[in-house]
Amino acid sequence: MDDRLSFSSWFEPLDFHEFRKRIMGESPLFVPPRAALAERLKRDLDVHSADDLLKLRDPMVKVWFHQLDGLHGAVQQKPADARRFYDAGMALYFQELAEFREFEAEVAAALGVPAPFVKCQFFCNRAHARTLVHFDSMDNVIVQLTGSKTWRLGPNTFAPAPLRNWTPLDPVAPEMRPYAPGAPPKDVDTTVSYTMEPGALLHVPRGYWHETVSEEESVSVHVVVTPPIWLDVVVRALIGELARDERWRRSDYGIGLDDPSSRERAGELLASLREKVAQWVPEDIVVPRVQPSAVHENTRFVRCARVTFATESVDPENAMARVTVLSHEYPMATTTMAPRDMRLPWVDACRWVNERATGTSFDASDLRRAVPAITLAEAQEVLGVLEGARLVRRRKGP
Ligand SMILES: [Fe+2]
């Protein structure tokens, strides 16, 4: 598999970085059939037919059909049973395939998203299989491996950049209304049509209307990506940040009763929220690259948002502790300093930094004054370590 075609090469001659920056998640892309690409991917993925997928180790396979109410239905089946439904003319949808984890991780790294955000899936359609018009909340890159399938696409003005999948046959969920306040469309005009033949590539961005019909039996590979969304990133960072402050963790049974004291507390918390967020800089919500550089006596640092220093265990006999640093990122907390053993006076220094409010500025001399058990050189060293772990950043400007 070492000579497997990289995901970024699927787009050639289009430059992958151009695709990621300008097209992915934003606008559709159709690359006409290239028979050599289909041959190469069938070989690399070792998928030529539905049977190649059914014989994989414990594949998650769903039988895909239309219900009488017009909606799509999908029911998971054991591979042998799925084969019988396939023989009866139904489409198969392969969702979770352990054999493609490595490939998913490669795509995730190329797109800068966590590995679980990428799924390599397959549709095996019978002739005349249809998918009714809908939109998805995920981005999709499809390559036709065998047979032919026609896609019809259209821009979505009803619910742009949606947070969930939807078809015009579904009721509009209340959670959609903040970004889909209009009347739900009854007939969707999918204006552009692409016929996918072996080696054709299509990018259907999140939210784009799409429907398909298979002219003949066909197999396609779908790289489905959950996009990184600002809303998720900022909400997660806010939770990491606000949870440090006990006022935000308090329960208050007056909330649902509009108790005047709860209103007063709400006012205080909103003031605290504005104050905290006013200290944030972009590095507090993106993942900054930290280049190590020397810390001087007067190098000034600022306590960052959403990062926490934590003590795992203490060994009082040897005056040591096991410590770690975590960043509260979406979708999960990330370790920015792996657990390591540290002398207790250093731990006190790290704790002092951890307890500063976000945006507080200090230098090595301030740290040494707070924790006299460390030397000035040690204070500089501690700040260098915490900068690498993103608990502090260098203050820009005076
Ligand atoms: Fe879809």
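In this predicted model, in which local features need pLDDT of at least 70, side-chain atom pairs count only at pLDDT 80 or more, and totals for chains, interfaces and linings use all residues, Val302 stands opposite Arg393 in β18. Residues are numbered from 1 along each chain as its sequence is written. Val302 belongs to strand β13 (residues 301-303), which is joined to β18 by three bridges in an antiparallel arrangement; strands here are DSSP runs of E with at least two residues, helices are DSSP runs of H or I with at least four, and both are numbered from the N terminus. Two strands are taken as paired if DSSP finds at least two bridges between them. With β17 added, these strands form an open sheet of three in the order β17-β13-β18, with antiparallel pairing. Because β17 (361-362) and β18 (392-394) each have a single partner strand, they stand at the edges, and one side of each is left without a neighbour in the sheet. Helix α11 (residues 376-388) packs on this sheet, where it touches β13 and β18, and its direction makes about 100 degrees with that of β18. Such angles run from 0 to 180 degrees between N-to-C directions, the axes being lines fitted to C-alpha atoms, for helices over the stretch in contact.

The loop between α9 (344-355) and β17 contains Thr360, which touches Val302 and Arg303 when residues up to four places away in sequence are not counted; two residues are in contact if their C-beta atoms, placed from the backbone, lie within 7 Å. Thr360 is partly exposed, with 14 other C-beta atoms within 10 Å. On this scale a residue is buried if 20 or more other C-beta atoms, placed from the backbone, lie within 10 Å of its own, exposed if 12 or fewer do, and partly exposed in between. From Thr360 to Val204 the separation is 156 residues in sequence and 45 Å in space, C-alpha to C-alpha.

An open sheet of eight strands has the order β1-β10-β7-β12-β5-β4-β2-β3, again with antiparallel pairing. Its edges are β1 (29-31) and β3 (72-77), and since each has a single partner strand, one side of each is left without a neighbour in the sheet. Neighbouring strands of this sheet are turned by 20 degrees against each other on average, direction ignored. At one of these edges, β3 is joined by six bridges to strand β2 (residues 60-66), and the two run antiparallel; within this pair, His66 stands opposite His72 in β3. Helix α2 (residues 35-45) packs on the sheet, touching β7 and β12, and its direction makes about 95 degrees with that of β7.

Strand β12 is mostly covered, as six of its eight residues are buried. Eight bridges join it to β5 in the antiparallel sense, and Cys124 has Val219 as its bridge partner in β12. Strand β7 (residues 139-146) also pairs with β12, antiparallel and over seven bridges, and Asp139 stands opposite Val225 in β12.

Helix α5 (residues 101-111) lies across β5 and β12, running at about 125 degrees to β5. In α5, Phe103, Glu104, Val107 and Leu111 are buried. Seen down the axis of α5, the buried residues fall within an arc of 100 degrees, so they line one face of the helix; the arc is that of the directions from the helix axis to the C-beta atoms. An α-helix has 3.6 residues a turn, so residues three or four places apart point the same way. On the other side of α5, Glu102 and Ala109 are exposed, whereas the buried residues pack against α1 (16-23), β5 and β12 (218-225). After α5 comes Gly112, whose phi is positive, near 70 degrees.

The largest nonpolar core has 52 residues, of which Leu92, Phe122, Cys124, Val143, Leu202 and Val221 touch the most other members. A nonpolar core is a set of buried Ala, Val, Leu, Ile, Met, Phe, Trp, Tyr and Cys residues joined through C-beta atoms within 7 Å. The largest share of this core, five residues, comes from strand β5 (residues 118-125). A second, separate core of 31 residues includes Phe301, Val302, Met342 and Val347.
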